[in-house]
Amino acid sequence: MDSLRLFINGFLIGIANIIPGMSGGTLALVLGIYERLIGALRRIGLSTVKKLLGGATFKKNALEEAQAELRRIDFGFLALLGSGAIAALLLTSKLIVYLLNDHHDATYGFFSGLILISILIPVRMLKAFRWKELLVLLIAVTLILSLSVGTGAKQLDRVAYKSGMETTLDSEVSERVPGAPTYWELLLFFGSGALAISAMILPGISGSFLMLALGVYFPLLTAINTILEGIPALLKGIFEQPMLGSLLTISVTAAGCLFGLLAFTRLLNYLLERYRNLTISFLIGLMVGSLYGLWPFREFAMVDGERIDTAHILPQLDMNLLITMAAFLVGCGVIYSFTRLEN
């Protein structure tokens, strides 16, 4: 029963981590397992990797050391939580991709509501707000806006590329396999994974929000969905081309998460201890800047059944606007209720 309880806890934490604006760390706190989770994660280091790799040699002493290391980091506890979180991700990724493609504006409206109210959480953590905090906040906003504008330009290139039109794509993009991520995108997935896994264990900070702000949230869910849809063909011995890019995307993000657990969580904890206000101000800036990228109303093109957003537009007064506003208010209500639960 204890194992089932931990699996369910992991499933709930996984759902919280998937929804931008909701913090898996906060839910772990509510469930009463936060201290054990943080203690287990902080014990993971380079020595853990070395001992586990040594155990792969199947030598008696190496195996005993590997088993002792697994007990030291509370591996059984982490494995059950991780299994539940992964199950939540696999079960909900298809739903979110469906909502994005078929109910785009309402989905973005919902996420905008989540993020807008979530800004209040780190704001309450600030002990002071002076010119230094304002400067750091503006730097973060500028960074996210630059990423959003750059992503919009790349989307236009994707439309032109998939439509077979002449374009000014550089040689890296034009020569790569269609659907495969560029080197820049892989670096972004790696960094996002490291940052998100670090944020996911901090109460009040949403890891999936940071992925959303950096523009990798929906592409990552799409990659997971592509893998799931391609499993039946793979069992028949057929390897479909889109799976290659999706596997690469997921693998690089997972490597970033591992790096984040080994190194970045310590750096983030150091920054919070030494420069708490500046670090929180930077996170607030990321949240504010991400609202531009979450603007629901877009011009778009459909290419090979895929929706590609190209530009922001003003909404028209119609039923779509009313539904989007309703979804926005629901998102606000979800985070408000969640903060009440946390309190």
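Which side chain meets Glu69 in a salt bridge at 2.7 Å, N to O? Let's look for the partner together in this predicted model. The answer is Arg72, whose side chain joins that of Glu69. The two residues are 3 apart in helix α5, so about one helical turn separates them. Their surroundings are worth a look too: Glu69 is buried, with a relative accessible area of 2%, whereas Arg72 is partly exposed at 37%.

Now stay with Glu69 and turn to another partner. Lys51 also forms a salt bridge with Glu69, and here the closest N and O atoms are 3.6 Å apart. This pair links distant parts of the chain, since Lys51 sits in helix α4 (residues 46–55) and Glu69 in helix α5, 18 residues apart. Lys51 counts as partly exposed, at 35% relative accessibility. Because salt bridges can share partners, Lys51, Glu69 and Arg72 are joined into one network.

The structure holds 4 salt bridges, so let's visit one more. The side chains of Arg36 and Asp74 meet at 2.7 Å, N to O. Arg36 belongs to helix α3 (residues 34–42), while Asp74 lies in the loop between α5 (60–72) and α6 (75–102), and the two are 38 residues apart. Arg36 is partly exposed, with a relative accessible area of 41%; Asp74 has 18% and counts as buried, because the cut-off for buried is under 20%.

Finally, move to the surface. Leu4, Phe7, Ile8 and Leu12 make a nonpolar patch of about 320 Å² there. Phe7 is found in helix α1 (residues 2–18), and this residue is partly exposed, with a relative accessible area of 30%.

Note on methods. Residues are numbered from 1 along each chain as its sequence is written. This is a predicted model: local features need pLDDT of at least 70, side-chain atom pairs count only at pLDDT 80 or more; totals for chains, interfaces and linings use all residues. Side-chain values use heavy atoms; hydrogens and water are left out. Patches are made of residues with over 30% relative accessible area and no salt bridge: like charges are joined within 9 Å, nonpolar side chains (Val, Leu, Ile, Met, Phe, Trp, Tyr) within 5 Å. Accessible areas come from the Shrake-Rupley method with a 1.4 Å probe; for residues, only the protein chains shown count as cover. Helices (H or I, at least four residues) and strands (E, at least two) are DSSP runs, numbered from the N terminus. Buried means under 20% relative accessible area, exposed over 50%, partly exposed in between (1.4 Å probe, protein chains only).
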